[in-house]
Amino acid sequence: MYRHHLRRRPARLTVAAAVVVVGLGLAACGPETTTSDETSHILQAPGADQPEGEITIWDRSGDLFEVFEGVIDDFNATYPGITVNHIAVDIDAKLHNTLITGTDVPDGVFLDDAKIGGFADYLWDLSEVLAPYTADIAPQKLDVNTVDGGIFGVPFDLDPGLLFYNAAALDAAGVDATSIETYDDLLDAARAYKAAVPGSGPIHLEQSAFLGQLQLEMYASQLGTSIADAHGELRLESPEFERILTFLDTVREEELGTRAEYLTPTDLAELENGNQVFYPWAIWFSFAPQQLLTEAAGDWRAMELPAWDAGGPRSGAMGGSSFVLPREGENADLAWLFYEFLMFDEAGYTAVWGPNDVYPTGLNTSIPSYQPAADPGTPLFDPVDALGGQDLWVVATEAGAQIPGGAPTPSWWAGAVDYLGNDIQRMLDGDLTPAEVLSQATQSIQTNLVDRQ
Amino acid sequence: MTDITTPSRRIGSHVFLMVLLVAFLAPVVWALLSALKPANDIIRAPLTFDPSTVTLDNYIAMFRDVPIGQGFVNTGIVLVAKGAITMFFAPLAAFAFAKYRFVGKNVIFGAVLVTLMLPTIVLIIPLLLQMKEFGWVNTYQALILPGSVDAFAIFWMRQVISAVPDELLDAARVDGSGEFGIFWRVVVPVIRPGLAGLAVLTTMNIYNDFVWPVVVASSDRMATLQVMLSTLAQNITGNRIGADYATVTGELLAASSVALIPLLVLFILLQRHFINGILAGSVKG
Amino acid sequence: MRGARRRLAPYVFVLPFVVVFLVFSVYPLIFTARLSFTNWRGTGAAEWVGWDNYTYLLTNPAFWNSLGNSGVLWLLIVPVQIALGVLVAVLLNSATLRLRGLYRVAFIVPFVTPLVAVAQIWVVLFDQGYGAVNALLGVFGLPDVGWLTTSTWAKPTLALLFLWKTTGFIVIILLSGLQSINGSLYEAAELDGASKPRQLVSITVPLLRRTIMFAVVLQTLAVFQMFAEPFVVTQGGPYNSTTTAGYYLYNHITRADLGTGAANSFLLVILVMALSLFFVRLLRAKD
């Protein structure tokens, strides 16, 4: 009664395959093979005094979304004619497709600095509108937003690397963290702590490939270098990177580290119980003592990073975001006004970093990249109770001012995590030496990313 | 029919099946219960459940952060439209394949098999650019039309319809019925169990569809339920900066529960039709 | 007149499918074919690069790694699923089994749960530090396992998800095959004194062969198309150990390397079709 269709399938498959092949021969559809455009992609500010229109702004959901939401009223006090349609979007998943299809393109988007280079073809070059401010913007932020001479993002935050440490635990063990000046001092302090607290792993070793690579860039930024130079040439195989990885490998080899993913429950447990007492990380780690730690909340403090060489820079940048304006957005020029207000107008940046509804004592997980706003003498956010009332503003702005420039981010940075990020983890597994990490990652990134641009 | 005769063998079978049953139900039960626990307890005590601490906090936080109502509306619209197209046109095409001889039949049925074998991910980019050409990005038709008249549905309904005796069709023809009339008034009533199975299967496929909606529905107002779930998940698996693990986990379990409850209820109500439907339509040895 | 309508009818009936097929499958496939010979990145001009994308992939260890990962997943999933499926289907097919309805419903529940939701639940359940699975192992005094953080365990964890999600459906399919087996064969075997396991091997499995093959083909397609599971649960990690063929292809897309992505698409289509043909041939050879 039932027909055994499976028996007859091969013949039909062959026929169908032939149809497809014939179709290919007739191919007439495909991507346009020639479209060169000479039109300018440099954004101009709107001419009107009281510009009107609606702008669509994409932000990541979460606390920052709420903060920006609160600034819109202040913005409208200055520009009553501009309606801000502010939406929370899964930007990583959506932006790429939206730009390719050119449909419902937002006027402004919040984007990780590491991802900006990859989208430059779709974005307005902001070098003209930003010209009045560039001299006052942290050089590191201009570097990461610059592609082939154009600037493709309005720099948002500066994220100086700091050395967070558990002052109470270190004191109890008789280790004086404040005297640490170099990474060698840090290793010595960790050895001393481990001697006092056997079984501890004083220094955090990041286990996420992405964040591990981001932290590597922090250390490198401190030495004024990065994965690739301004021309996109790899420069991993250098004494600077060898030095950083050797430091990490020493922590691993002497068992001075706690290996965990950033602020996962495992990581938090080790922070709470005093096993993990040094956390060299960007300022946004301050979120942990404030929101996540319970037992060890008031015990943590922040200081500048150790220097690689005595007297060298005491900070490097780690992460950070900017605002980009897609060319296909209808009112990109109005969106520029929004970001100009947010970042360069005192009312704007005070509303972002100062006390607000979301953060009654201010937003203290980053500092402004606009230097007039990041003055150690005029704090925007208050001292942090969870850091024992420490004035984080002073520590962070002084550290931020030391971050060297000259560390651009290549457009393929995020893709490099599959190679460099993974190879660092293999080193922390004990399977690769620092030199092997650098040569392998260089070769893979060259073949799979640089050569395929 | 095999009979399980000896008592020891019967007990053994039950132990084996019970272990499987627990394994198959545990993750769902765990998620439904955990979503009702305080967020911190989900992480600190994953194996315990204390009825005195039951809370709706995770659901409240999730409903605040995720426009899940809009997700249900979008999923509902796509489900009804795409489901109707597949439920009508797939059996119709299957009828042609099962009961007619016509030139090109093998080639066209080959096309059905090719479609069956094409991974969705392969066509994502060209389809997306095509939607751009059509001006269909962020529209319901883009969510509905590609992948409608599902190939597996045709393939399977062809099996079901093949079993309908030709004599029934010929009798209807003698009575003066048109070709479509034969399908509508003779075939459809006979294959009703199979159609019921198909309905549940199609509902599930559309409800669970994920890869294509994530790409083509980039705006929140078009996002389906599954797209919203994955957006929420980014807070855990993607960029962790500033995300509180316990809270996000709680919201995620609440959202997952909300997403799976409707299908679970639908399935439990219709399980007899579904299982019998699949039994009616599968390949026989 | 009636005859003409009857000849025309099947064409009208299959027309909607054909239209959808031409517009949403053939056209994009042709587009993909052309794209695979360019270096287009989604914007600006596309440059013709010949076979470059194909040679890049075929000489790239990462490409072969992705196929290898899918192959290992196939080995972890399909044989286990078929064995388990046959066993459960045979037990459920017994008329005297109590709670039969309960089992049937319970086993198919995973199949009707939304994949994305379940994948999220998997992430939470199998977390090394706070997951319920490790907590359960702890109760029995067993050490924590890095389910999602070690390249040893990530594939089995994904395979478990897949097995959990789809085995119920396979059981139902096999059950439908069993129901068409003539019961008198077993009675004869019973008279000859053949044991139950013996009957399973010598009667049930051979007669069920066609249904089993159908299930194998179906699951082979599914395993080699697997994308959402690694996308949600592991993002291809750790160390690309769960970068399946489908997920590797997606990586090119996220890097805007659309030409390479298109070439990868074609290689994957060819592989999937070849595998299907292989299993179908295997079936025919035994006939």
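Start with chain A and its overall dimensions. For 453 residues, a compact globule would have a radius of gyration near 22 Å, and chain A has 25 Å, which agrees. The radius of gyration is taken over C-alpha atoms, and the globule rule is 2.2 Å times the number of residues to the power 0.38. This is a predicted model, in which local features need pLDDT of at least 70 and side-chain atom pairs count only at pLDDT 80 or more, while totals for chains, interfaces and linings use all residues. Residues are numbered from 1 along each chain as its sequence is written, and chains are lettered from A and ligands numbered from 1 in the order in which they are written.

**Chain A as a whole**

Color chain A by secondary structure: 17 helices and 14 strands appear. Helices (H or I, at least four residues) and strands (E, at least two) are DSSP runs, numbered from the N terminus. Along the principal axes, the C-alpha atoms of chain A fill a box of roughly 80 × 70 × 55 Å. Of the 453 residues in chain A, 55% are buried. A residue is buried if 20 or more other C-beta atoms lie within 10 Å of its own, exposed if 12 or fewer, and partly exposed in between, with C-beta atoms placed from the backbone. Among contacts in chain A between residues at least 6 apart in sequence, 78% join residues at least 24 apart. Two residues are in contact if their C-beta atoms, placed from the backbone, lie within 7 Å.

**The loop between α15 and α16 of chain A**

Select A:Ala416, in the loop between α15 (392–400) and α16 (420–428) of chain A. A:Ala416 is buried, with 26 other C-beta atoms within 10 Å. Not counting residues up to four places away in sequence, A:Ala416 touches A:Gln213, A:Ile227, A:Gly421, A:Ile445 and A:Leu449. Add A:Phe210 to the selection: A:Phe210 and A:Ala416 are 206 residues apart in sequence, but 9.0 Å apart in space, C-alpha to C-alpha.

A:Gly406 is also in the loop between α15 and α16 of chain A. A:Gly406 is partly exposed, with 14 other C-beta atoms within 10 Å. Leaving aside neighbours within four places in sequence, A:Gly406 is in contact with A:Asp143 and A:Gly224. The C-alpha atoms of A:Gly406 and A:Ala230 are separated by 8.0 Å, with their positions 176 residues apart along the chain.

**The nonpolar core**

Next, show the residues with the most contacts inside the largest nonpolar core: A:Phe338, B:Ala93, B:Ile154, B:Ala255, C:Ala119 and C:Leu174. This core has 332 residues. A nonpolar core is a set of buried Ala, Val, Leu, Ile, Met, Phe, Trp, Tyr and Cys residues joined through C-beta atoms within 7 Å. Center on B:Ile154, which is in contact with B:Ala90, B:Ala93, B:Ala94, B:Val112 and C:Phe17, leaving aside its neighbours within four places in sequence.

**Where chain B touches chain C**

Select both sides of this contact: 73 residues from chain B and 89 residues from chain C. On the chain B side, the elements that give two or more residues include α1 (7–34), α4 (68–99), α6 (120–134) and α14 (245–281). The largest share of that side, 13 residues, comes from α14(B). The chain B side divides into 55 nonpolar, 15 polar and 3 charged residues. Here Ala, Val, Leu, Ile, Met, Phe, Trp, Tyr, Cys and Pro count as nonpolar, Asp, Glu, Lys and Arg as charged, and the others, Gly among them, as polar.

**Helix α6 of chain B**

Isolate α6(B) and look at B:Pro126, where the helix bends by about 35 degrees. The bend at a residue is the angle between axes fitted to the seven residues ending there and the seven starting there. Of the 15 residues of α6(B), 11 are buried, so the helix is largely enclosed by the rest of the structure. Just after α6(B), B:Gly135 takes a positive phi of about 70 degrees.

**Chain C**

Finish on chain C, with 13 helices and 0 strands. Of its 287 residues, 54% are buried. Select C:Gln235, in the loop between α11 (228–233) and α12 (245–254) of chain C. Its phi is near 50 degrees, a positive value in a residue other than glycine. C:Gln235 is partly exposed, with 18 other C-beta atoms within 10 Å.
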